[in-house]
Amino acid sequence: RVSVVLTLDLGTSTTKAALWSGSELVGLRRSPLLTVHARPGYAEQEPESWWDAVVDACGSLREQWPDEYAAIELIACSAARETFGCFDAGFAPLGAGVLWSDCRAVAEAELLGDPAEFRAVTGVLLTPACAAAKVAWIAAHEPARFAATRWVLSPRDSVIARLTGSAVTEPTLASRTGWYSLGDTRLCGEALASRLPDLVTPVTKFPIAADGATELGLDRSVRAIPGAGDRQCEVLGSGAAPTAPMISWGTTANVSVPHDGPIGALPPLAQVSRGVGNGFVVEAGLSAAAEAMTWLGQLTRTPTDALWSAAARVPPGADGVRAQAWFNGARSPWWHPEARAAFSGLTPETTAGQWARALVESVAFDVARSVSLIAPDAAALMLAGAGARNGLWRAILGGVTELPLVERRHTEAGSVGALLLAAEAMGLPLGVDAVNPVIALHRPDPAVVDRYRTLRPEFDAETRRHLPTRVANPQESRVGGAQ
């Protein structure tokens with residue numbers, strides 16, 4: 001018997017609904033999400049759009065593949081983390097949702113304690129982007145909204161609530177908030193704890209409610225599981241290992257490395273979150289990737305595809321143009337939330353292609369520094385996200401890291417990971433190589449490696465010139481210029 005599964009990948013800029021029959025992808029549909037920056041440091045979305053995007057993407061699947069859609073047995077999620085909204089008892093949103101990239105809570109972060117101790121207990125770097133700090137900001141600046149809040153829910157948790165009527169979360173998302181220890185002990189006070197959803201396993205099955213079934217056109221026999229965070233699902237879906245970290249290119253870029261634990265053996269570097277099961281994931285999330293290219297396309301009125309094509313015609317080093325793609329602060333490996341995107345080497349003759357290549361090189365160098373920091377024994381990189389199919393991204397990433405890149409059949413590793421969790425929940429023997437086999441191994445071009453090796457000191461010096469003088473986190477000292 002072949003089981004049909006619906007996976008929902010709830011991202012920052014796009015919701016992806018994928019229909020799977022056994023190990024085969026039947027189809028995938030996307031629905032975009034709008035982010036609003038009402039003030040400097042703010043990043044918000046309408047929480048109702050999180051559900052609307054699911055309904056829209058699923059409607060497209062149902063229209064294109066009605067027979068397979070009608071046979072769905074289980075729904076599983078992969079989800080962006082650290083974003084949240086405030087909801088009433090009926091799961092209606094109370095105001096705008098606050099994104100992971102929002103950095104308004106500067107004062108509140110400083111009140112949460114010693115950053116080193118906070119990181120040691122929670123695995124979360126204590127910055128204004130921390131969810132715990134941002135909820136404290138709402139309690140302090142919008143007390144009426146906080147008082148009316150029954151539930152504080154991530155986008156995934158709000159979707160599961162609308163679908164099933166149950167307010168739940170699971171350890172991979174909970175461990176990114178700052179409200180839990182790495183051992184799943186709740187750390188916050190009762191005022192907030194009473195507003196948090198119950199903690200369940202990623203593969204706990206829930207029946208769908210009548211309203212959810214009606215809106216998505218599903219049979220009431222369908223069950224849903226929470227699934228896991230996007231990075232945890234990408235680690236599963238890419239087959240990442242300690243010597244083969246997952247590198248994703250999406251709204252931002254990420255380096256994720258699985259770690260078996262125990263907690264006492266985890267590295268005191270970067271961020272750490274709970275993995276699926278008993279393990280952990282060591283993470284280095286960058287500030288922006290595709291988001292930076294989208295910004296440049298809007299600024300120059302150039303389609304993104306045309307920017308990539310133009311960048312491919314520019315030599316390594318972008319003819320002296322340099323960029324720091326820190327649109328949401330300098331995240332990994334620097335952790336300076338107050339840093340901002342920066343550019344140098346611009347002239348009246350600078351082209352969009354040179355600018356685009358400089359942005360991609362900036363991301364690639366911060367990825368390389370992050371790999372050196374959290375996966376110093378890496379022998380290969382497992383590609384995920386849209387960048388896995390992008391020849392220029394692969395060429396630059398391979399040239400900068402000097403490592404071979406592994407490409408699998410499906411770029412949407414998060415959706416693959418959600419499918420593997422669904423298979424576990426259903427007791428089906430399904431592994432990553434059956435769903436997402438390796439289709440190519442890309443070895444770096446020696447000439448490109450040599451060129452970036454020569455340019456590396458210049459890139460490192462230019463990057464440090466744009467960092468604030470204050471050390472935001474002692475981990476920065478571990479990022480050597482020669483790494």
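At roughly what angle do the axes of helix α1 (residues 47-64) and helix α7 (residues 155-164) cross? The close-ups below start with that crossing and then visit other parts of this predicted model.

**Figure 1. Helix α1 crosses helix α7.** Two packed helices are described by the angle between their axes and the distance between the axes. Here the axes come within 9 Å and cross at roughly 65 degrees. The crossing of α1 and α7 is right-handed. On the α1 side, look for Glu48, Trp50, Trp51 and Val54; on the α7 side, they meet Pro155, Ser158, Val159, Arg162 and Leu163. Sorted by class, this contact holds six nonpolar residues, one polar residue and two charged residues.

**Figure 2. Helix α7 is largely enclosed by the rest of the structure.** How many of the ten residues of α7 are buried? Nine of the ten are, so this helix is largely enclosed. The buried residues include Pro155, Ser158, Val159 and Leu163, each of which also takes part in the contact with α1. Arg156, Asp157, Ile160, Ala161 and Thr164 are among the buried residues as well. Just after the helix comes Gly165, with a positive phi near 80 degrees.

**Figure 3. Helix α11 is another largely enclosed helix.** Helix α11 (residues 230-238) has nine residues, and eight of them are buried, so the rest of the structure largely encloses it. Charged side chains are found here too: Asp230, Arg231 and Glu234 are among the buried residues. Gln232, Cys233, Val235, Gly237 and Ser238 are also buried. The residue that follows α11 is Gly239, and its phi is positive, near 70 degrees.

**Figure 4. Strands β2 and β3 form a hairpin.** Strand β2 (residues 14-21) and strand β3 (residues 24-32) pair in the antiparallel sense, over eight bridges. To find your place in the pairing, start at Ala17, which stands opposite Arg29 in β3. Two residues lie between the strands, and Gly22 in the turn has a positive phi of about 65 degrees.

**Figure 5. Seven strands form an open sheet with mixed pairing.** Reading across the sheet, the order is β16-β17-β15-β14-β20-β21-β22. Which strands sit at the edges? They are β16 (271-274) and β22 (438-442), each pairing on one side only. From one strand to the next, the twist averages 30 degrees. At one edge, β16 and β17 (residues 280-285) pair in the antiparallel sense over four bridges, and Ser273 has Val281 in β17 as its bridge partner. Helix α14 (residues 352-374) packs on the sheet, where it touches β14 (246-249), β15 (253-259), β17 and β20 (381-385). The direction of α14 makes about 15 degrees with that of β15.

**Figure 6. Ala284 is a buried residue in strand β17.** Its relative accessibility is 1%, so Ala284 counts as buried. Leaving aside neighbours within four places in sequence, Ala284 is in contact with Ala253, Asn254, Val255, Ser332, Ser370 and Ile374. The C-alpha atoms of Ala284 and Trp137 are separated by 25 Å, and these two residues are 147 residues apart along the chain. Trp137 appears again in the next view.

**Figure 7. Aromatic rings pair up in this model, and a search of the whole structure finds eleven such pairs.** One of them joins Tyr42 and Trp137 edge-to-face, at 6.1 Å centre to centre with 85 degrees between the planes. This pair links distant parts of the chain, 95 residues apart: Tyr42 is in the loop between β3 and β4 (44-45), and Trp137 is in helix α5 (residues 131-141). Tyr42 is buried, with a relative accessible area of 13%, and Trp137 counts as buried at 9% relative accessibility. Now turn to Trp249 and Trp393: their ring centres are 4.7 Å apart and their planes stand at 55 degrees, so the pair is tilted. Trp249 lies in strand β14 and Trp393 in helix α15 (residues 391-401), so this pair ties together parts that are 144 residues apart in sequence. Both Trp249 and Trp393 are buried. Elsewhere, ring pairs link Trp295, Phe327, Phe343 and Trp355 into a cluster.

**Figure 8. Ser101 is found in the loop between β7 (97-98) and α3 (106-110).** Is this loop residue buried or exposed? With a relative accessible area of 11%, Ser101 is buried. Leaving aside its neighbours within four places in sequence, Ser101 is in contact with Ala43, Lys134 and Asn328.

Note on methods:
Residues numbered from 1 in each chain as written. Heavy atoms only, no water. Axes fitted to C-alpha atoms, helices over the stretch in contact; angles between N-to-C directions. Left-handed = near helix turned anticlockwise from the far one by under 90°. Contact = heavy atoms within 4.5 Å. Nonpolar A, V, L, I, M, F, W, Y, C, P; charged D, E, K, R; others polar. Pairing = 2+ DSSP bridges. Buried < 20%, exposed > 50% of the residue type's maximum accessible area, 1.4 Å probe, protein only. Phe/Tyr/Trp six-rings, centres within 6.5 Å; stacked < 30°, edge-to-face > 60°.
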